[in-house]
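The exercises below are meant to be worked through with the sequence and the 3D structure in view. Each one sets a task and then gives a solution in steps.

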Amino acid sequence: MSAPIRILMCSPDHYDVDYVINPWMEGNIHKSSRDRAAEQWDKLHFILKDLAAVDLVKPQLGVPDMVFTANAGLVLGNNVVLSRFYHKERQGEEPFFKAWFEQQGYTVFELPKDLPFEGAGDALLDREGRWLWAGYGFRSELDSHPYLAKWLDIEVLSLRLMDDRFYHLDTCFCPLADGYLLYYPPAFDAYSNRLIEMRVPEAKRIAVAETDAVNFACNAVNVDRTIVMNQASDDLKQRLANVGFEIIETPLTEFLKAGGAAKCLTLRVTEPVQAEVHAAATVESRVIQLQGHLLDSGIVNRALDLIIEGGGSFQVLNFNLGEQRQSTSSAEVKVTAPSRDVMEAIMSQLIEMGAVALPQEVSDCTLEIAPKAGVAPDDFYVTTIYPTEILVKNQWVRVQNQRMDGAIVVSETPNGLTARCSLLRDLAEGDRVVVGTIGIRTVRKPESRNPQPTQEFSFMGAGVSSERRVELVVEQIAWELRKIRDQGGKVVVTAGPVVIHTGGGEHLSHLIREGYVQALLGGNAIAVHDIEQSMMGTSLGMDMKRGVSVRGGHRHHLKAINTVRRYGSIAEAVHQGVITGGIFYECVQKNIPFSLAGSIRDDGPLPDTQMDLIQAQSDYARLIEGADMILMLSSMLHSIGVGNMTPAGVKMVCVDINPAVVTKLSDRGSVESVGVVTDVGLFLSLLIQQLSRLTSRYEAAVVR
Ligand SMILES: NC(=O)c1ccc[n+]([C@@H]2O[C@H](COP(=O)([O-])OP(=O)(O)OC[C@H]3O[C@@H](n4cnc5c(N)ncnc54)[C@H](O)[C@@H]3O)[C@@H](O)[C@H]2O)c1
């Protein structure tokens, strides 16, 4: 016969809601009745005595939550990992529980100070003893899980809690006999739910609805085929009965006021060790370093939020605050994640923010072979817009052709090692591709602590302007355009047909004529409508001067296309004197290269429109190279395409009437982009006015 099951309880002599450390306690301070609590506890005790031997630990004054013995520690065999309570209100319980375990002859393991872990409240053995489910997110730290694996010699599966009403794992998760599981899935993040689904077959998963979850149905004590709990709906009782469980309900409402019920009031202190089970923990930790104006620019907050939102946890190991206004700060942060996959997802975002591994922790990046042409190894590192370096043979190598959404290919050349960004489709079989996140860093300019100096042009950090601010922003853009032109820099414009419909065509033509534009990107439509306007004075059949539609005008754009097709190209039509003005006329006259990328909705198309989209992407990429600024004018399709292939460091101005488009385009997490929500025709006309003002000021200064 197997040894009897023993359960530890603590009578509620000193129980009360004395403080608030979880949402259930809110509004319940001193609202529980001690008599009713004693009566409910006695009933539970009575029921359990029938199912197991019940041991009692002496209640102590000043630690009212000691009644919740589940949080005393975690027992497996003769070993116990003692709790380290997160809240100081409960830390006073630790010595009493420690003394009890020692008196009973257990080997007591104690976690390092400041590493919270709340015992069997957050760590539940699979009832077959195959592994340990361990929760984190509110009370217990993920970093405690490797200790549990090592000391108890068992596989630990980490589950992240997301809903503060279910702050301990045992409030929403109850492993049952025969591999069944009673749980409330919305209390966990997506990764944890996947993990649960991988380990527990569907037929054995009993998911409860919110009404049962808030009645603490999962906070149940299971002994063989009996489950003791506060309350269950008829539906839940039926489902459990269908798979052979008997439910005993016993009201525990007074304890619910403190956020606990049947399971919280008990600790199973006999948990047999399975000889064939051994330690395994998938939890991983890495130390990263952040540098810059960490507080002013908010990088530290963003990095820590990102770790938590990504399903990890952190410990700030040190923080050196820059002493002067101009000096930068640095921080070392230990990042912990429940698995390699989660760690990689968090790390790739931290790398994008400029985080680097500590010098002593850095090792060469990992390379894997592309399995076939156009296909990267599964775990390939996805590139970002930021300048990137990789460590190969102990040497940092700058990645060439930086762009987002590519892979990094490393090659040996006679001149040494090289690394370049490659689109998936350009990978050759056998290419050596960087995988994972080790040995990779991005080189970031420290984010400014004062993003809007008044004298100098400065783009708002990924800001989107309101109408009120448009004029000011246009003034700054004009200033910058002028500066780039005078310094022989490069401005690329990407534009949609709305530029023509809103009367902006003449202004864009002016910019090209005056040398402010060095390359033009667009689609079939901008060229068709520009040429229609130049040849017939209409845009999509509307008279652009009078603003009325012209009889038969809807055919004008097709006639324009037909004419250009007859001449073979836009340039030829210009040379033959057929096109005598407009945006593309100016491009041809000034030798400004342009690329028109085709789309499914194109009429014609014009002979210049590149319908091979891979070729069109390459043409765009070639024209963007070396750009100092990109002006994106009312074309969501082409602007997003351009944004994806542009590295950080290039100033981007996105103009669109739709704030959502502007936000999407300017939200690159980069300080160099600005969004302007306005009519593109109005924007261009204001821009020309500002530029001519700058020119007159400049000429006046020269005359003086
Ligand atoms: N006849 C044709 O061949 C034809 C006609 C239209 C479009 N197209 C093609 O379809 C593709 C997509 O066209 P697209 O780039 O025009 O569409 P798009 O939807 O990608 O972008 C248009 C953008 O303009 C914005 N917008 C609308 N009115 C505005 C205003 N007054 N001021 C500022 N922004 C304004 C919209 O919010 C939108 O984001 C392109 O390749 C284009 O060449 C072809």
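**Exercise 1. Find how far apart the centres of domain 1 and domain 3 are, and where the domains lie along the chain.**

Solution. Taken over C-alpha atoms, the centres of domain 1 and domain 3 are separated by 47 Å. Domain 1 covers 6–273, domain 2 covers 283–359, domain 3 covers 362–450 and domain 4 covers 463–702, with bounds that come from an automatic or database domain assignment. Residues are numbered from 1 along each chain as its sequence is written. This is a predicted model, in which local features need pLDDT of at least 70 and side-chain atom pairs count only at pLDDT 80 or more, while totals for chains, interfaces and linings use all residues.

**Exercise 2. Describe strand E30, its cover and its partners.**

Solution. Begin with the cover: E30 (residues 519–523) has five of its five residues buried, where buried means that 20 or more other C-beta atoms lie within 10 Å of the residue's own, exposed means 12 or fewer, and partly exposed is in between, with C-beta atoms placed from the backbone. Strands (E, at least two residues) and helices (H or I, at least four) are DSSP runs, numbered from the N terminus.

Next, take the two faces: Ala-519, Leu-521 and Gly-523 point one way, Leu-520 and Gly-522 point the other way, and all are buried.

Finally, look for the partners, given that two strands pair if DSSP finds at least two bridges between them. E30 pairs in the parallel sense with strand E29 (residues 491–495) over three bridges, and Leu-521 is the bridge partner of Thr-494. Four bridges join E30 to strand E33 (residues 594–597), also in parallel, and there Phe-594 is the bridge partner of Leu-520.

**Exercise 3. Identify the residues closest to the ligand and the make-up of its shell.**

Solution. The ligand is surrounded by 23 residues, and the closest are Gly-496, Gly-523, Ala-525, Ser-634 and Ser-635; a residue is near a molecule if its C-beta atom, placed from the backbone, lies within 6 Å of it. Gly-523, one of these, is also a buried residue of E30. Helix H14 (524–536) and helix H19 (636–645) each supply at least two residues of the shell. Sorted by class, the shell has nine nonpolar, nine polar and five charged residues, where Ala, Val, Leu, Ile, Met, Phe, Trp, Tyr, Cys and Pro count as nonpolar, Asp, Glu, Lys and Arg as charged, and the others, Gly among them, as polar.

**Exercise 4. Decide whether Gly-541 is buried, partly exposed or exposed, and find what it touches.**

Solution. Gly-541 lies in the loop between strand E31 (538–539) and strand E32 (542–543). Gly-541 counts as partly exposed because it has 16 C-beta neighbours inside 10 Å. Not counting residues up to four places away in sequence, Gly-541 touches Ser-549, Val-550, Gly-553, His-554 and His-556, contact meaning that the C-beta atoms, placed from the backbone, lie within 7 Å. His-554 is 13 residues from Gly-541 in sequence, yet the two are 4.6 Å apart in space, C-alpha to C-alpha.

**Exercise 5. Locate His-30 and state its phi and exposure.**

Solution. His-30 is found in the loop between strand E1 (6–9) and helix H1 (34–51). Its phi is near 55 degrees, a positive value in a residue other than glycine. His-30 is exposed because 8 other C-beta atoms lie within 10 Å.

Notes
Contact = placed C-beta atoms within 7 Å.
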